[in-house]
Amino acid sequence: MKKLKYIALGILGSGCLACAPLPVQEESSSLANAREVARQTPSPQCEWEQANCELSVTVQNQPFRLYSEVGLVRMESFDPQTQSWQIETERATGEDYRVVRAAALREFIYLTECDQNGNRKIQRYRPADQSWRQLNYKSLGCQL
């Protein structure tokens with residue numbers, strides 16, 4: 001009986017020795033990569049108090065400008081042939097949310113949006129097909 005007790009404690013105390021790692025979802029790895037890039041290079045940032053904000057990012061040598069105002073995000077891309085900026089996409093953020101940070105990683109643009117209560121959403125934009133996807137939401141994830 002004593003021997004079984006020690007074996008059980010040894011297994012519980014040492015963790016799982018033969019466990020297989022859980023598969024990583026695309027959003028989790030993309031989000032982790034975006035966080036790592038943000039740690040390495042400072043990304044453009046807006047202050048919460050700013051009613052209007054302009055951020056610039058580059059995705060695969062393609063420059064983008066992001067205009068953020070209360071409730072709206074507009075993104076423009078630079079067309080080298082015409083040497084002008086063209087509207088890429090517009091998206092409502094909701095009345096309470098404002099963009100506070102933008103980062104580019106591979107073929108994606110990541111936006112961090114916060115509301116006045118400090119809740120945070122991370123959105124991902126893919127210029128290739130002009131699609132948006134919410135990757136993360138965290139209550140009280142922003143320090144304003």
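User: Why is the charged end of Arg91 said to sit over the ring of Trp132?

Analyst: In this predicted model, the charged end of Arg91 lies 4.2 Å from the centre of the Trp132 ring. A charge counts as sitting over a ring if NZ of Lys or CZ of Arg is within 6 Å of the ring centre and within 35 degrees of the ring normal; therefore Arg91 qualifies, with its 4.2 Å.

User: What makes Lys121 a residue that lies over the face of Tyr97?

Analyst: Lys121 is placed at 4.1 Å from the ring centre of Tyr97, so the 6 Å cut-off is met.

User: How do you know that strand 7 and strand 8 pair?

Analyst: Strands are DSSP runs (E, at least two residues), numbered from the N terminus, and two of them pair if DSSP finds at least two bridges between them. Seven bridges join strand 7 (residues 120-126) to strand 8, so the criterion is satisfied. The two run antiparallel, and Arg126 has Ser131 in strand 8 as its bridge partner.

User: Why is strand 8 called an edge strand?

Analyst: The open sheet has the order 5-6-7-8 with antiparallel pairing. Strand 8 (131-138) pairs on one side only, as does strand 5 (98-105).

User: What makes strand 1 and strand 2 a pair?

Analyst: Eight bridges connect strand 1 with strand 2 (residues 62-69) in the antiparallel sense, so the requirement of at least two is met. Cys53 stands opposite Ser68 in strand 2.

User: On what basis are residues numbered and values accepted?

Analyst: Residues are numbered from 1 along each chain as its sequence is written, and side-chain values use heavy atoms, leaving out hydrogens and water. Local features need pLDDT of at least 70, side-chain atom pairs count only at pLDDT 80 or more, and totals for chains, interfaces and linings use all residues.

Definitions and conventions: Helices (H or I, at least four residues) and strands (E, at least two) are DSSP runs, numbered from the N terminus.
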